[in-house]
Amino acid sequence: MLMSRMPFWLAYKVSDLLYFVSFYLIGYRKKVVFSNLRLVFPDKTEKEIYKIAQDFYQHFADILMETVKAFSMDKKEVQKHYHIINPELLQNLGANNKSVILIG
């Protein structure tokens, strides 16, 4: 995948663009996000809810670009950007042929 070869600084610029497009232009699932935030944070003001939503969309865009970027990372880059806590849990699962999905 060509996009995975871009440098991290460019990936984060693309992430900023994705955030802008998804939050301000398209409004991707905006009603659902705001509705859920109001349910979870009933004591927050609308201004606080809006800020949390913006932060969510920015984080979502960053995660998306980091996932794309991870396709072309070598072992050294992975070790630089990811830290696994309790790796023995993964080793035990792997030794027992169990599937694992890592989410950070």
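Reader: In which helix does Tyr 50 lie?

Author: This is a predicted model, and in it Tyr 50 lies in helix H3. With 35% relative accessibility, Tyr 50 counts as partly exposed, because that value falls between the limits of 20% for buried and 50% for exposed.

Reader: Which residues is Tyr 50 in contact with, once its neighbours within four places in sequence are left aside?

Author: With those neighbours set aside, Tyr 50 is in contact with Phe 23, Tyr 24 and Phe 34. A further distance can be read from the backbone, since the C-alpha atoms of Tyr 50 and Val 33 are 10.0 Å apart in space while the two residues are 17 apart in sequence.

Reader: How should I read an aromatic pair, and what are the distance and the angle for Phe 23 and Tyr 50?

Author: In general, a pair of aromatic rings is described by the distance of the centres and the angle of the planes. The count for this structure comes to eleven aromatic pairs. In one of these, Phe 23 and Tyr 50 are edge-to-face, with 5.5 Å from centre to centre and 75 degrees between the planes. Phe 23 belongs to helix H1 and Tyr 50 to helix H3, so this pair ties together parts that are 27 residues apart in sequence.

Reader: Is Phe 23 buried or exposed?

Author: Phe 23 counts as buried, at 0% relative accessibility.

Reader: How are the rings of Phe 56 and Phe 60 arranged?

Author: Their centres are 5.9 Å apart and their planes stand at 20 degrees, so Phe 56 and Phe 60 form a stacked pair. Both residues are in helix H3, and being four residues apart they are separated by about one helical turn. Phe 56 is partly exposed at 39% relative accessibility, and Phe 60 is partly exposed at 38%.

Reader: Which residues do the ring pairs link into a cluster?

Author: The cluster linked by ring pairs consists of Tyr 19, Phe 20, Phe 23, Tyr 24, Tyr 28, Phe 34, Tyr 50, Phe 56, Tyr 57 and Phe 60.

Reader: Turning to the interior, which residues make up the largest nonpolar core?

Author: The general idea is that, in soluble globular proteins, nonpolar side chains tend to be buried together. Here the largest nonpolar core has nine residues in all, namely Tyr 19, Phe 23, Val 33, Phe 34, Leu 37, Ile 49, Ala 53, Tyr 57 and Ala 61. The elements that give two or more residues to this core are helix H1 (8-26), helix H2 (30-40) and helix H3 (46-70), and H3 provides the largest share, four residues. For Leu 37, a member of this core, the contacts beyond four places in sequence are Ile 49, Ile 52 and Ala 53.

Reader: Which residues form the nonpolar patch on the surface?

Author: Phe 20, Tyr 24, Leu 25, Ile 26, Tyr 28, Tyr 50, Phe 56 and Phe 60 form this patch, and together they have about 820 Å² of accessible area. H1 and H3 each supply at least two residues of the patch, while H1 gives the most, with four residues.

Reader: Are Ser 4 and Ser 15 buried or exposed?

Author: Ser 4 is buried, with a relative accessible area of 2%, and Ser 15 counts as buried at 0%. Ser 4 has its place in the segment before H1, where, not counting residues up to four places away in sequence, it touches Val 68, Lys 69, Phe 71 and Ser 72. Ser 15 lies in helix H1 and, with the same kind of neighbours left out, touches Gln 58, Ala 61, Asp 62 and Met 65.

Reader: How many salt bridges does a search of the whole structure find?

Author: As a general idea, side chains of opposite charge can pair when their charged atoms come close. The search finds two salt bridges in the whole structure. Glu 46 forms a salt bridge with Arg 38, with the closest N and O atoms 2.9 Å apart; Glu 46 is partly exposed at 45% relative accessible area, and Arg 38 is partly exposed at 39%. The side chains of Asp 55 and Lys 51 also meet in a salt bridge, at 2.8 Å from N to O, and both residues lie in helix H3, four residues or about one turn apart. Asp 55 is partly exposed at 39% relative accessibility, and Lys 51 is partly exposed with a relative accessible area of 46%.

Definitions and conventions. Residues are numbered from 1 along each chain as its sequence is written. This is a predicted model: local features need pLDDT of at least 70, side-chain atom pairs count only at pLDDT 80 or more; totals for chains, interfaces and linings use all residues. Side-chain values use heavy atoms; hydrogens and water are left out. A nonpolar core is a set of buried Ala, Val, Leu, Ile, Met, Phe, Trp, Tyr and Cys residues joined through side-chain atoms within 4.5 Å. Buried means under 20% relative accessible area, exposed over 50%, partly exposed in between (1.4 Å probe, protein chains only). Contact means heavy atoms within 4.5 Å. Patches are made of residues with over 30% relative accessible area and no salt bridge: like charges are joined within 9 Å, nonpolar side chains (Val, Leu, Ile, Met, Phe, Trp, Tyr) within 5 Å. Accessible areas come from the Shrake-Rupley method with a 1.4 Å probe; for residues, only the protein chains shown count as cover. A salt bridge is a side-chain nitrogen of Lys or Arg within 4 Å of a carboxyl oxygen of Asp or Glu. Rings of Phe, Tyr and Trp (its six-membered ring) pair if their centres lie within 6.5 Å; planes under 30 degrees apart count as stacked, over 60 as edge-to-face and the rest as tilted.
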